[in-house]
Amino acid sequence: MSEQKESSVLFSLKELMNLEEDRIKQEEEQKAAAQAAAERARLDAERRAREEQEARIRAEDERRRDEERRAREEAARLEAIRQAEVEKARVEAEQRARLEAMAAQQQHERKLAELQHDESKKKLRKTLFGVVAGVAVLGIAGGALWYNNAQETQKRLAAQEAAARDAEEQRKKLEAQMKEQQTKIDSLLGQLSSAKDEATRLALQKQLEEEKAKQEKMRTGGGGGRPAAGGGGAAKPCNCAPGDPLCSCL
């Protein structure tokens, strides 16, 4: 009877020990699970923080690149406007100088033609007086000689006046062509200064260079202006007064 009681007590103690061990084990497992969960939460929080930081860095880099790109585009646009203004001013200055030189040359030619015309009139009067005086002596033969001289003088004067008119017409024609060409160049310069992309700027720049080449050809006598010396065709008669230092025939 006593042995049964001892066995029952031992069994009860063993059960209690087992229960205690189970409880301790469960507590340890719960504690480990809680620690694991806390570690996972910490790692997740760190990961989210890193991702957010990386996202902020990427956003900042993208914003900075956008600002740098806009700054480069704005600088390129302003430089294109500056270059266009400089080129426009240069072309206008060259055109003014060219037209002023042409006007001065035409004025010089007109003055020479007037001087030669006056000189021819003086010579014609002198010839007339001489012929009148000589007619009394030479008669019909002297009169015929005077008439021939007078005819030649009139032809020479008419040729000089025609040459002056032709030169003036050529100058006006070239001036109109230069103005028309400058209008095209100004239009291209305006388009170039407001171009938004590089491809458009390159295309406009190419057109601008072509139009400038045409304008330069006009300046040098190849675009419909006054023919250059030695450019073929009949040579223009020299209308310069003897000893004229500005004569283009020299």
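**Exercise 1.** Classify Gln83 as buried, partly exposed or exposed.

*Solution.* Step 1: take the cut-offs, computed with a 1.4 Å probe and protein chains only: buried is under 20% relative accessible area, exposed is over 50%, and partly exposed lies in between. Step 2: Gln83 has a relative accessible area of 40%, so Gln83 is partly exposed. Step 3: place Gln83 in helix 1, where helices are DSSP runs of H or I with at least four residues, numbered from the N terminus.

The model is predicted, and local features need pLDDT of at least 70, side-chain atom pairs pLDDT 80 or more, while totals for chains, interfaces and linings use all residues. Residues are numbered from 1 along each chain as its sequence is written, and side-chain values use heavy atoms, without hydrogens and water.

**Exercise 2.** State how far apart the C-alpha atoms of Gln83 and Leu192 are.

*Solution.* Step 1: along the chain, Gln83 and Leu192 are 109 residues apart. Step 2: in space, their C-alpha atoms are separated by 9.7 Å. Step 3: turn to the whole protein, where 74% of the contacts (heavy atoms within 4.5 Å) between residues at least 6 apart in sequence join residues at least 24 apart.

**Exercise 3.** Describe the surroundings of Arg201 and decide whether Arg201 is buried or exposed.

*Solution.* Step 1: Arg201 belongs to helix 3, residues 198–219. Step 2: its relative accessible area is 14%, so Arg201 is buried. Step 3: leaving out residues up to four places away in sequence, Arg201 touches Ala76, Ala80, Leu192, Ala195 and Lys196. Step 4: the side chains of Arg201 and Glu198 share a polar contact of 2.9 Å. Such a contact is a pair of N or O atoms within 3.5 Å; within protein, one must be able to donate a hydrogen and the other to accept it, and residues adjacent in sequence count only if both atoms are side-chain atoms.

**Exercise 4.** Find the residues of the largest nonpolar core and the helix that gives the most to this core.

*Solution.* Step 1: a nonpolar core is a set of buried Ala, Val, Leu, Ile, Met, Phe, Trp, Tyr and Cys residues joined through side-chain atoms within 4.5 Å. Step 2: the largest has eight residues: Ala84, Ile185, Leu188, Leu189, Leu192, Ala195, Leu204 and Leu208. Step 3: helix 2 (140–193) and helix 3 each supply at least two of them. Step 4: helix 2 gives the most, with four residues. Step 5: apart from this core lies another of five residues, including Leu99, Met102, Leu174 and Met178.

Conventions
Helix = DSSP H or I, 4+ residues; strand = E, 2+ residues; numbered from the N terminus.
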